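Ready for a bit of cavity and pocket hunting? Grab your viewer and work through these exercises one by one.

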Amino acid sequence: MSRFFSARYADLTPYTPGEQPQNRAYIKLNTNESPFPPSPGVAEAVETESRRLALYSDPECVKLRAKMAEIYRLDPDQIVMTNGSDEVLNFAFMAFADEAHPLAFADITYGFYPVFAQLNRIPFTEIPLKSDFSLDPADYIGIHKTVVLANPNAPTGLALPLSEVEQIVKSNPDNVVIVDEAYVDFGGESAVTLLDRYENLLVVGTFSKSRSMAGARLGFGFGSKKLIADLNTLRYSTNPYNINRLTDAAGQAALAENDYYMTNCRTIIENRAWTTEQLRSLGFRVLDSKTNFVFAESPQIDGGALYGKLKEKGILVRHFDKERLKSFNRITIGTKEQMQTLIETIKEILGG
Ligand code: PMP
């Protein structure tokens, strides 16, 4: 730390992103990216748009929001586009949580929540998941806090039924409930359908997983027009050009080819079922995932040891050192071939 670093941030523990190795070609199953490339129209749109890079991007993303509004049956003013969903999460924490509206989220969930809370000096409570890693909605009913739910959750992969999400939203009318749906397209139930009934609901999503665009950084928030206006106040106070021209064009092209992505989601869901079954037949405990990853532990090998051996053999998975998680690994679902290689490699490791 330099002697110039503000004392405001001296205690901040930053988020640790998953490894993005540049030196070796791994089978990369560690950051829940899609194994499929973006749809064909995306490359073409980016190439064309690159000729206009001398000009600033559209701060309102008018065309992109119009397409989103059509697909999700919303008014464009109920939509904000952001630089990955991390950005809309940060804006939402800034906008809707403070000393008077402290945050509540699970003890095992997306690791960025406590970081954004600390960054913005918002008090937060981490509510323990049950011993089977499921979330008890009763813990959040009438809690009088700004609630953040990852649904489906990460790294567990477990999903909460929409009726339970609704109870949480309904019972906290004076607080915003943020539902992070980064993985919803792989089998979760979206809370988008609740938006016209609850002014305190913010739904967050991303193009990073089901739409194969993690590298483009495109996320979004859906809410009442007033909630979205608040987020825009912060966006315009930070970086109105948060969506660059190439990402805006890529997003529009992706939405024009939505069927391609929905087909890929079905393939991932099939590969997930296959991988789960294979791991279970090798003795693993695998949680019931509604995402593009599985969370699995083996009685035969420690989570950290399995992570290390897979890495030596060219397969990257995600291991967390946290007490309740360290016997597990989070494994992204890739192509069938990648999953076959994974299972063969695990068999070798367990056999030798
Ligand atoms: N929410 C959850 C639950 C996630 O796992 C991730 C991905 N790490 C994000 C949000 C953020 O993704 P992005 O910023 O790429 O949209």
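**Exercise 1: the enclosed space**

The largest cavity comes to about 40 Å³ in volume. Keep in mind that you're looking at a predicted model.

Task: Find how many cavities of 30 Å³ or more the whole structure has, and work out which residues line the largest cavity.

Solution:
- Step 1. Searching the whole structure with that cut-off turns up one cavity.
- Step 2. Go round the wall of the largest cavity and you'll meet Glu33, Ser34, Pro35, Phe36, Phe186, Lys209, Ser210, Asn264, Cys265, Ile268, Asn292 and Ile333.
- Step 3. Sort that lining by character: six residues are nonpolar, four polar and two charged.

**Exercise 2: placing the cavity**

Task: Explain why the largest cavity lies where it does relative to domain 1 and domain 2.

Solution:
- Step 1. Note the bounds: domain 1 is 17–37 + 259–351, and domain 2 is 40–256.
- Step 2. Both domains give residues to the lining, so the largest cavity lies between them.

**Exercise 3: the ligand**

Task: Say which pocket the ligand takes up, then pick out its polar contacts.

Solution:
- Step 1. The ligand's space is the largest pocket.
- Step 2. List the neighbours within 4 Å; among them are Gly84, Tyr110, Thr206, Lys209 and Arg217.
- Step 3. Check distances. A ligand nitrogen sits 2.6 Å from a side-chain N or O atom of Asp180. A ligand oxygen is 3.1 Å from a polar backbone atom of Asp86, and an oxygen of the ligand is 2.7 Å from a side-chain N or O atom of Ser208.
- Step 4. Finish with burial: of the 400 Å² of accessible area the ligand has on its own, the protein covers 91%.

Key:
Residues numbered from 1 in each chain as written. Predicted model: local features only at pLDDT ≥ 70, side-chain atom pairs only at ≥ 80, totals over all residues. Heavy atoms only, no water. 1 Å grid on protein atoms, 1.4 Å probe; cavity = no way out; pocket = protein on both sides within 12 Å on 5 of 7 lines; lining within 4 Å. Points joined across faces, edges and corners; volume = space filled by probe spheres on them. Nonpolar A, V, L, I, M, F, W, Y, C, P; charged D, E, K, R; others polar. Domains from an automatic or database assignment. Polar contact = N/O pair within 3.5 Å; in protein donor to acceptor, adjacent residues only side chain to side chain. Areas by Shrake-Rupley, 256 points an atom, 1.4 Å probe, with all protein chains shown as cover. Sits in = over half its atoms within 2 Å of the grid points.
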